Amino acid sequence: MINVGKIKQYSNVLERPLSKGKQEVSLSAFAFLFSELVQYNQTQVDNITELERRLEDAGYAVGARILELLCHREKGNRRETRLLGILSFVHSTVWKVLFGKVADSLEKGTEHEDEYMISEKELLVNRFISIPKDMGAFNCGSFVAGIVRGVLENAGFPAVVTAHFVPVEGQHRPRTTILIKFAEEVLRREATLG
């Protein structure tokens, strides 16, 4: 006899399949956990640059794990080998998993050949953050920059990734731009492949 409609029970967490499952996390739960991450790291450092570096390091670990999970789920364990392919993957697939939507824009830098920018009008990690005046230009987007760097470096595209506020005329809050500056070896490899 076939059991129709019954869910198989797994005795061990390691036996469970890596299905998509429930993908949404409560916004208030995320905001609380992220604020705790920022507050904890704030007590461990002396300046804003060090705080942003620590947030970026925390994001790097998340990015490495996201790449592994998405390559397994979405791509059948295959990874991107081309520059535009990995940028598109980050801009669309990774962003959709993290924030529920595709990033606002992906642009190539006009001044330098090795620079790309992902812009977001209202980045989730900056949405509920009020920055004290003594912290100046502190940007929680460095956590997301770390995620992007984690994805890129673990996919074989070493880069320096930073988060910047860009003022927008007529808007109260500036937009956040994730600036990606690829290593020279990535550009040489791309030229060889292309």
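**Helix packing and sheet architecture**

The crossing of helices H2 and H5 is right-handed. In this predicted model, the axes of H2 (residues 48-75) and H5 (residues 141-154) come within 6 Å and cross at roughly 45°. H2 is therefore oblique to H5, since an angle of this kind falls outside the ranges counted as roughly parallel (under 35 degrees), roughly perpendicular (65 to 115) and roughly antiparallel (over 145).

On the H2 side, the contact is formed by Glu-52, Leu-55, Glu-56, Asp-57, Ala-58, Gly-59, Tyr-60, Val-62, Gly-63, Ala-64 and Leu-67. These residues meet a set in H5 that comprises Ser-142, Phe-143, Ala-145, Gly-146, Ile-147, Arg-149, Gly-150, Val-151, Glu-153 and Asn-154. By residue class, the contact of H2 with H5 divides into 10 nonpolar, 6 polar and 5 charged residues. Among the nonpolar participants are Leu-55, Val-62 and Leu-67 of H2, together with Phe-143, Ile-147 and Val-151 of H5. The charged participants include Glu-52, Glu-56 and Asp-57 in H2, and Arg-149 and Glu-153 in H5.

These two helices belong to a protein whose secondary structure comes to 6 helices and 4 strands. From the N terminus on, the elements follow the order α-α-α-β-β-α-α-β-β-α.

The 4 strands are arranged in an open sheet with the order E1-E2-E4-E3 and antiparallel pairing. Strand E1 (105-108) and strand E3 (159-166) occupy the edges, and each has a single partner strand, so one side of each is left without a neighbour in the sheet. From one strand to the next, the twist averages 20°.

Within this sheet, E1 and E2 form a hairpin, with 6 residues between the two strands. E1 runs antiparallel to E2 (residues 115-120), and 4 bridges join the pair. Two positions illustrate the register of the hairpin. Leu-106 stands opposite Ile-118 in E2, whereas Lys-108 stands opposite Tyr-116 in E2.

The sheet is also associated with a helix. Helix H3 (residues 83-99) lies across E1, E2 and strand E4 (175-182). Relative to E2, H3 runs at about 15°.

For the protein as a whole, buried residues make up 34% of the 194 residues. Of the contacts with a separation of 6 or more, 60% are accounted for by residues 24 or more positions apart.

Notes:
Residues are numbered from 1 along each chain as its sequence is written. This is a predicted model: local features need pLDDT of at least 70, side-chain atom pairs count only at pLDDT 80 or more; totals for chains, interfaces and linings use all residues. Side-chain values use heavy atoms; hydrogens and water are left out. Axes are lines fitted to C-alpha atoms, for helices over the stretch in contact, and angles run from 0 to 180 degrees between N-to-C directions. A crossing is left-handed if the near helix is turned anticlockwise from the far one by less than a right angle, and right-handed if clockwise. Contact means heavy atoms within 4.5 Å. Two strands pair if DSSP finds at least two bridges between them. Buried means under 20% relative accessible area, exposed over 50%, partly exposed in between (1.4 Å probe, protein chains only).
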